[in-house]
Amino acid sequence: MKTTFLLAQISDLHIKASGLLSYNKVDTLSALKAAVAHLNALRPAPNAVVITGDLTDFGRANEYQQVRNVLNSLTLPWFAIPGNHDDRTAFRDAFSDCSWLPTQGEFLNWAIDDFPIRLIGLDSTVPGHAWGDICEARAEWLRDTLAEQPHKPTVLMLHHHPFISGIDHMDRQNLKNQARMAAILADAPQVKRILCGHVHRFIVSQLAGVVVCSAPGTSHQVAPDFAPDGPANFVLEPSGMLLHRWQMHRGLATHYLPIGQFDGPWPFYDKNGLID
């Protein structure tokens, strides 16, 4: 078994059909192409990529076709879960050739056991609503799935953030029934990280003692307005992704990577030592 595993995470693609701009402002399609190019160029290459929801803007078949057109150029194994902007039926149709996606059942939950880290995708969407939930049916599936591999280090993914970010309009649409998930995690010490999206920001929190990482969006970010009843605004801050590096006996370390081309790398030292 390999002793090191690299997992890249991107989130909140919000792709529209025909290259249309989201909110008449954001070129999400070009942003996704840049993210895929960045992922393909990473060295060493990640072992896998996870996409934590909102692949499309309105869950339409032609939007998913745009997503597939770009993801087909990704040279790494990838897995995805739906977000509140996705449609389960269209999602399933678009990715029906992906062996990790369930062909039956209401929820698009899955587990991947091919790596030294187990990956679990949990469908937290509630059709017609922006907020997410873990109903008893999904909670039962999660309990049973975790019980299958109680000693294997596990990363759990869902779209909705299971914490309070301080951004009021986003926290009104976070994950409900967090106590239900916390109770499951209390009996599952193999879960080493929870990954989510939805907030369009890199945020680190915790649930039941497990570190939770929210990924930035691949294009636009939610404005960091912490005023009560602050407006629902976005900003064109640099896009980004997360890279989660697991090493046996040392655990997980999470890195934020801005997407783009930047000057460097430059050396700190030359033949005389630290460059002055």
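**Entry 1: a helix over a sheet**

I started with helix 6, residues 178-186, which lies across strand 6, strand 7, strand 8 and strand 9 (210-214). I looked up its direction against strand 8 and got an angle of about 70°. Note to self: this is a predicted model.

**Entry 2: the sheet underneath**

Next I asked myself in what order the six strands of this open sheet come. They go 4-5-6-7-9-8, and the pairing is mixed. I then checked the edges: strand 4 (110-112) and strand 8 (203-207) each have a single partner strand, so one side of each has no neighbour in the sheet. From one strand to the next, I found that the twist averages 20°.

I reminded myself that strands of a sheet pair through backbone hydrogen bonds, either parallel or antiparallel. Which kind do strand 4 and strand 5 show? They run antiparallel, and three bridges join strand 4 to strand 5 (residues 118-121). I picked out one bridge there: Ala-111 has Ile-120 in strand 5 as its partner.

**Entry 3: another helix on that sheet**

Then I turned to helix 4, residues 136-148. Which strands does helix 4 lie across? I listed strand 4, strand 5, strand 6 (154-157) and strand 7 (191-196). Against strand 5, helix 4 runs at about 170°.

**Entry 4: the five-strand sheet**

I also looked up an open sheet of five strands, in the order 3-2-1-12-13 and again with mixed pairing. Its edge strands are strand 3 (78-81) and strand 13 (251-258), and each of them pairs on one side only. The twist here averages 20° from one strand to the next.

How many bridges join strand 12 to strand 13? I got eight, with strand 12 (residues 240-247) running antiparallel to strand 13. One pair I jotted down is Gln-247 with its bridge partner Gly-251 in strand 13.

**Entry 5: two helices together**

Last, I looked at helix 1 (residues 28-41) and helix 2 (residues 61-71), whose axes are 10 Å apart. They pack at an angle of about 25°. Angles under 35 degrees count as roughly parallel, and helix 1 and helix 2 are therefore roughly parallel to each other. I noted the crossing of helix 1 past helix 2 as right-handed.

Which residues meet at this contact? From helix 1 I wrote down Leu-29, Leu-32, Lys-33 and Val-36, and from helix 2 Gln-66, Val-70 and Leu-71. Sorted by class, this contact has five nonpolar residues, one polar and one charged.

Conventions. Residues numbered from 1 in each chain as written. Predicted model: local features only at pLDDT ≥ 70, side-chain atom pairs only at ≥ 80, totals over all residues. Heavy atoms only, no water. Pairing = 2+ DSSP bridges. Helix = DSSP H or I, 4+ residues; strand = E, 2+ residues; numbered from the N terminus. Axes fitted to C-alpha atoms, helices over the stretch in contact; angles between N-to-C directions. Contact = heavy atoms within 4.5 Å. Parallel < 35°, antiparallel > 145°, perpendicular 65-115°, else oblique. Left-handed = near helix turned anticlockwise from the far one by under 90°. Nonpolar A, V, L, I, M, F, W, Y, C, P; charged D, E, K, R; others polar.
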